[in-house]
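Please open the model in a viewer and keep the sequence panel visible beside it. The tour below proceeds from the whole chain to individual side chains.

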Amino acid sequence: MLIIGLFFAAAAAAFHVFIFSLESLRWTEPATRKIFGIVSEKDAVTMKPLAFNQGFYNLFLALTTLVGIALLLAGLATVGLTLVFAGTAMMLAAALVLVLSDRTKARAALLQGGLPLLAVVLLSVAVAVS
């Protein structure tokens, strides 16, 4: 159960690195604008500083999770699990905020929060039975 939970945590981290690349590195590209529903390049340029900052939030959540996984695999179970739970729980919380603030973003929230939810549930079960 632990390994499966860590797999989902790593997948959630990878997804958040992808979102970082879209928001912080590729924000004004047409394909990225389409993903986020940004109609014009002018709008994307206006929003670019906010998206850049938000992308780094996603990167930091991913890094927290990945460092936790690495520490856990290195034998530092308590600190590793703490970081994995912190990273994935914050990803999940951000997805909840997204859908609660705008119901039309339910699909995006599911994409953002589905993998972290699976990681939190599976890791919680693994810890509870160990």
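A helix here is a DSSP run of H or I with at least four residues, and the helices are numbered from the N terminus. The model on display is a predicted one.

**Stop 1: the whole chain**

Begin with the protein chain in a cartoon view. Which elements does one meet from the N terminus on? The order is α-α-α-α-α; the chain has 5 helices and 0 strands. Turn the model along its principal axes: the C-alpha atoms fill a box of roughly 55 × 30 × 20 Å.

**Stop 2: the surface and the interior**

Next, switch on the molecular surface. The protein chain exposes about 7600 Å², and carbon and sulfur atoms supply 74% of that area. Of the 130 residues in the chain, 35% are buried. Contacts may be displayed as well: among those between residues at least 6 apart in sequence, 61% join residues at least 24 apart.

Now select the charged side chains. There are 8 positive and 5 negative charges, and the mean positions of the two groups are 4 Å apart.

**Stop 3: an aromatic pair in helix H1**

Hide the surface and show the aromatic rings; the structure holds 6 aromatic pairs. Select Phe15 and Phe18, which form a tilted pair with 6.4 Å from centre to centre and 45° between the planes. Both residues belong to helix H1 (residues 2-25), and because they are 3 residues apart there, about one helical turn separates them. Are these side chains buried, partly exposed or exposed? Phe15 counts as partly exposed, at 22% relative accessibility. Phe18 is also partly exposed, with a relative accessible area of 39%.

**Stop 4: an aromatic pair in helix H3**

Move on to Phe56 and Phe60. Their rings form a tilted pair, 5.9 Å centre to centre, with 50° between the planes. The pair counts as tilted because its angle is neither under 30 degrees, as for stacked planes, nor over 60, as for edge-to-face ones. Phe56 and Phe60 lie 4 residues apart in helix H3 (residues 41-73), so about one helical turn separates them. Phe56 is partly exposed, with a relative accessible area of 26%, and Phe60 is partly exposed at 47% relative accessibility.

**Stop 5: the aromatic cluster**

Keep Phe56 and Phe60 selected, and add Phe20 and Phe52. What do these four residues form? Phe20, Phe52, Phe56 and Phe60 make up one aromatic cluster, and the tour ends there.

Note on methods: Residues are numbered from 1 along each chain as its sequence is written. This is a predicted model: local features need pLDDT of at least 70, side-chain atom pairs count only at pLDDT 80 or more; totals for chains, interfaces and linings use all residues. Side-chain values use heavy atoms; hydrogens and water are left out. Helices (H or I, at least four residues) and strands (E, at least two) are DSSP runs, numbered from the N terminus. Buried means under 20% relative accessible area, exposed over 50%, partly exposed in between (1.4 Å probe, protein chains only). Contact means heavy atoms within 4.5 Å. Accessible areas come from the Shrake-Rupley method with a 1.4 Å probe; for residues, only the protein chains shown count as cover. Lys and Arg count as positive and Asp and Glu as negative; His and the chain ends are not counted. The place of a charge is taken as NZ of Lys, CZ of Arg, CG of Asp or CD of Glu. Rings of Phe, Tyr and Trp (its six-membered ring) pair if their centres lie within 6.5 Å; planes under 30 degrees apart count as stacked, over 60 as edge-to-face and the rest as tilted.
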